[in-house]
Amino acid sequence: MLLGSISIPATRWVWLAALALVVASALLFWSYRRSAERGAAQKIAFFLRLLGTLILALSLIEPVWTGQQAKSGANLFLVVADNSSGMNVIDREAGQSRGQILKTVLQAERAEWLSTLAANFQVRQYMFDSQLRRSTDFSELVFDGKASAVGETLRTIAQRYRGRPLAGVLLMTDGNATDTGEQFYDLSEVPQVYPVVIGAAQPPKDISLTNVAVSQTSFEDAPITIQVEVEASGYAGKTIAIALTKHSGQLVERQRHNISRHVEKQSFRFRLRPDRTGVLFYHLNVAEENPPEESSDQQQAPPEATMANNRHTFVVDRGRGPYRVLYVTGRPNWEYKFLRRAVSEDEQVQLVGLLRVARREPKYDWRGRRGEQTNPLYRGYDNKDDEQAEQYDQPVFVRLGTRDEAELRDGFPKTAEELFGYHAVILDDVEAGFFSHDQMELLRRFVAERGGGFLMLGGNESFQEGNFHRTPIGRILPVHLDRMSQTQTVSQVHWDLTREGWLQPWARLRDNEQDEQKRLAEMPAFRVLNRVGSTRAGAAVVATVGDDQGQRWPALTIQRYGNGRAAALAVGDVWRWGMREPQTREDMDKFWRQMLRWLVADVPNRISFYAAQKPDQVNQAVVFQVRVRDKDFEPMDNVSVAIEVSDPQAQKVQLTAEPVLDEAGLFEATYVPRGNGSYSAQAVVSDAEQLQVGDAKTGWAVDLESREFRSIGTNRPLLEKIARQTGGRMIEVHALDSFARTLPHRKAPITETSITPLWDLRGILPAVFLFVLMCFVGEWALRRWKGMP
């Protein structure tokens with residue numbers, strides 16, 4: 001509010017009023033001197049009569065009010081109305097939607113406050129949802145916007161009217177902004193904002209899905225966990241039901257909850273095991289269970305405020321196998337037998353075995369037969385010539401599960417093209433001398449650069465006993481290989497999970513703690529243990545083993561290494577787990593499958609395809625990112641990337657991804673969805689000769705109104721914060737007329753001096769005469785009460 005001052009003009013009435021005041025004061029003093037009463041009552045009565053006389057004398061001199069006010073027609077003032085679909089919400093006992101209330105307030109023939117504003121300012125009318133648009137008379141308000149970009153609207157106004165005399169913004173909305181990010185509150189350049197809350201403070205009757213979180217794990221029984229938060233308002237005593245369905249409409253699971261409070265939040269958890277791989281879509285829907293049927297004889301219950309927040313679609317990408325795991329062992333053993341049997345039940349994991357059945361022998365001068373150069377172990381098998389058959393000074397391998405005859409023909413891979421085709425590598429009971437230094441360095445690069453998984457199993461020639469200390473493979477391990485690391489046969493040690501292990505879903509075999517504790521107590525004891533040294537920084541011990549004296553050692557340790565992950569399983573006889581009874585055999589098989597699933601999780605393929613949604617954009621634009629690598633997993637630039645997008649109506653859109661200049665092998669394209677639903681996309685990569693390098697698929701779900709209806713109650717605290725930061729104040733709907741009249745006297749860019757007789761100001765003259773009357777009546781009543789003359 002602009003400040004002013006009261007002044008008395010120099011007129012002849014000033015001396016006349018002063019003379020009248022002196023005479024009246026003298027007579028008043030003389031009359032009270034004659035009174036015999038000398039108490040406090042006489043003093044109060046004298047003061048009331050003198051005060052009333054003084055104010056009457058002031059009325060004769062006509063004081064004036066001098067102040068600053070907004071210059072008429074020189075300043076701009078904006079009226080901005082919310083056009084988002086959230087204004088269609090019907091508040092409890094309102095009888096009409098917020099949008100209808102807003103239209104009524106803005107009707108030209110009834111909005112006198114608009115005419116008052118127009119008489120003093122250049123009024124500009126706008127409406128906003130995802131963007132700001134001009135309006136002639138607000139007849140364009142249809143309340144179909146998919147967002148309420150309050151922050152972006154205010155910043156746009158500040159930029160558009162920078163340097164112009166903008167006196168303020170009247171913001172008419174329910175306050176449910178969909179762009180409440182960190183930049184939203186940077187309103188330093190925004191002029192005074194006067195928010196008007198449209199809607200009732202009491203929450204409307206509604207059921208909404210406020211938050212949905214989807215997580216994927218390697219837990220075999222339920223690899224997908226969906227955490228759902230539901231808020232119900234006005235459903236006390238009712239039952240709500242939330243259903244999880246497939247994209248085809250098939251029901252997966254339904255959960256129910258009885259609402260006990262007027263406003264209640266409830267969490268639901270679904271555990272899902274998809275029966276297919278690839279990109280899958282699921283739907284969540286919440287509603288009142290068995291709602292009352294409409295009846296003409298009974299009073300109909302008020303409807304739910306909106307149904308737009310009752311449904312949510314999410315996507316699950318289970319990947320596309322097969323995931324190839326290379327198992328290398330220095331001798332045939334039981335571990336490979338049980339591991340292969342367990343993995344055979346997982347169609348997405350292929351176990352490729354490289355088993356050494358004979359070590360490399362010294363090359364002597366004598367031979368088994370005259371002139372024979374080849375190893376007699378292979379005599380009679382195949383018709384290999386001498387160049388292809390294994391020689392005496394070469395180890396003898398057995399290859400199992402290979403793709404073709406050429407795979408692993410020369411033993412452990414020697415090139416990145418060979419090794420990087422696998423997703424994980426397992427070393428079991430094989431010494432460091434089995435590998436050349438280049439092969440060990442290649443395996444380190446496989447984990448650090450390619451992002452593969454690595455697991456070393458315990459055995460007589462693993463860890464320190466295999467001389468991996470100070471080798472590239474030793475650097476991958478999550479444990480230090482020092483002098484204390486050794487293999488020993490113990491009487492018996494028992495497996496137990498650490499606190500970190502309890503937090504790893506793939507390390508557990510039961511879905512609740514009680515059953516898992518029982519399973520751990522019934523596990524058989526192990527007898528072969530590699531006592532490893534301390535764990536590396538950043539590594540986590542998932543499981544330990546301990547003896548009867550209470551001493552414990554790390555059994556399963558994991559860590560991130562570069563782009564990949566590594567694990568060390570120090571127990572050398574896991575196969576004992578499956579030798580007791582069928583149930584323990586099933587548990588062991590499940591452990592191996594989950595272990596391998598964790599090992600290959602997040603391992604990138606040659607072509608990686610991601611759909612990155614931009615939550616800060618109201619149109620939920622999607623940026624496709626395609627990373628292309630060659631067989632050595634080096635970035636490829638001389639390729640073309642074509643993307644085909646399928647919308648919910650099965651319409652196809654063709655896009656071409658362009659290379660990103662600051663990252664080799666990365667291609668990007670942008671797509672803007674036009675409606676809600678499930679979207680899928682396929683990227684096809686071709687080389688310079690138009691030969692297909694490979695393809696990848698992805699998917700995402702679009703709900704353009706999800707943030708708009710996440711909360712449908714009015715957000716008064718947010719609007720109060722906006723008003724406070726910009727120097728404005730909150731305006732109630734019923735006070736718009738008063739606001740329009742007083743606005744010219746508030747701070748404005750262009751002002752002028754205003755001189756107005758004090759008695760002409762609205763409400764001043766009646767208030768003055770009422771006050772004078774109260775003074776005289778009070779003095780008279782006091783004299784009558786005390787019996788003064």
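This passage walks through some helix packing, ring pairs and single residues in a predicted model.

Helices make a handy starting point. Helix α6 covers residues 334–343, and helix α12 covers residues 582–600. Their axes come within 9 Å and cross at roughly 80 degrees. Angles from 65 to 115 degrees count as roughly perpendicular, and α6 and α12 are therefore roughly perpendicular to each other. On the α6 side, the residues that meet α12 are Glu335, Phe338, Leu339, Arg341, Ala342 and Val343. They face Arg585, Met588, Asp589, Trp592, Arg593 and Leu596 from α12. Sorted by type, the residues of this contact come out as seven nonpolar and five charged, with no polar ones in the mix.

Helix α12 is also home to threonine 584. The relative accessibility of threonine 584 is just 7%, and buried means under 20%, so threonine 584 counts as buried. Setting aside residues up to four places away in sequence, threonine 584 touches Trp577 and Gly578. Methionine 523 sits 61 residues from threonine 584 along the chain, yet the C-alpha atoms of the two are separated by 7.4 Å. Trp577, one of the residues touched by threonine 584, turns up again in an aromatic cluster together with Trp495, Phe526, Phe591 and Trp592. Trp592 in that cluster is also among the α12 residues that meet α6.

Now for the rings. A pair of aromatic rings is described by how far apart the centres are and by the angle of the planes. The structure holds 24 aromatic pairs. One of them joins tyrosine 194 and phenylalanine 739, and it is tilted, with 5.0 Å centre to centre and 55 degrees between the planes. Tyrosine 194 belongs to strand β7 (residues 193–197) and phenylalanine 739 to helix α14 (residues 736–742), so this pair ties together parts that are 545 residues apart in sequence. Both tyrosine 194 and phenylalanine 739 are buried.

Phenylalanine 420 and phenylalanine 633 make an edge-to-face pair, at 6.1 Å centre to centre and with 80 degrees between the planes. Here the partners sit in loops: phenylalanine 420 in the one between α7 (416–419) and β18 (424–428), and phenylalanine 633 in the one between β26 (622–628) and β27 (640–646), so the pair ties together parts that are 213 residues apart in sequence. Phenylalanine 420 and phenylalanine 633 are both buried too.

Rings also show up with charged residues over them. Arginine 134 lies over the face of tyrosine 126, at 5.2 Å from the ring centre. Lysine 205 lies over the face of tyrosine 235, and there the distance from the ring centre is 5.0 Å.

Two further residues round things off. Threonine 225 is part of strand β9 (residues 224–233), and with 18% relative accessibility it counts as buried. Apart from neighbours within four places in sequence, threonine 225 is in contact with Ala213, Val214 and Ser215, as well as Arg269, Phe270 and Arg271. Glycine 713 lies in the loop between β31 (692–702) and α13 (716–726). With a relative accessible area of 22%, glycine 713 is partly exposed. Glycine 713 and proline 203 are 510 residues apart in sequence, but 5.2 Å apart in space from C-alpha to C-alpha. Not counting residues up to four places away in sequence, glycine 713 touches Arg98, Asn176 and Pro204.

Terms used
Residues numbered from 1 in each chain as written. Predicted model: local features only at pLDDT ≥ 70, side-chain atom pairs only at ≥ 80, totals over all residues. Heavy atoms only, no water. Axes fitted to C-alpha atoms, helices over the stretch in contact; angles between N-to-C directions. Helix = DSSP H or I, 4+ residues; strand = E, 2+ residues; numbered from the N terminus. Parallel < 35°, antiparallel > 145°, perpendicular 65-115°, else oblique. Contact = heavy atoms within 4.5 Å. Nonpolar A, V, L, I, M, F, W, Y, C, P; charged D, E, K, R; others polar. Buried < 20%, exposed > 50% of the residue type's maximum accessible area, 1.4 Å probe, protein only. Phe/Tyr/Trp six-rings, centres within 6.5 Å; stacked < 30°, edge-to-face > 60°. Lys NZ or Arg CZ within 6 Å of the ring centre and 35° of its normal.
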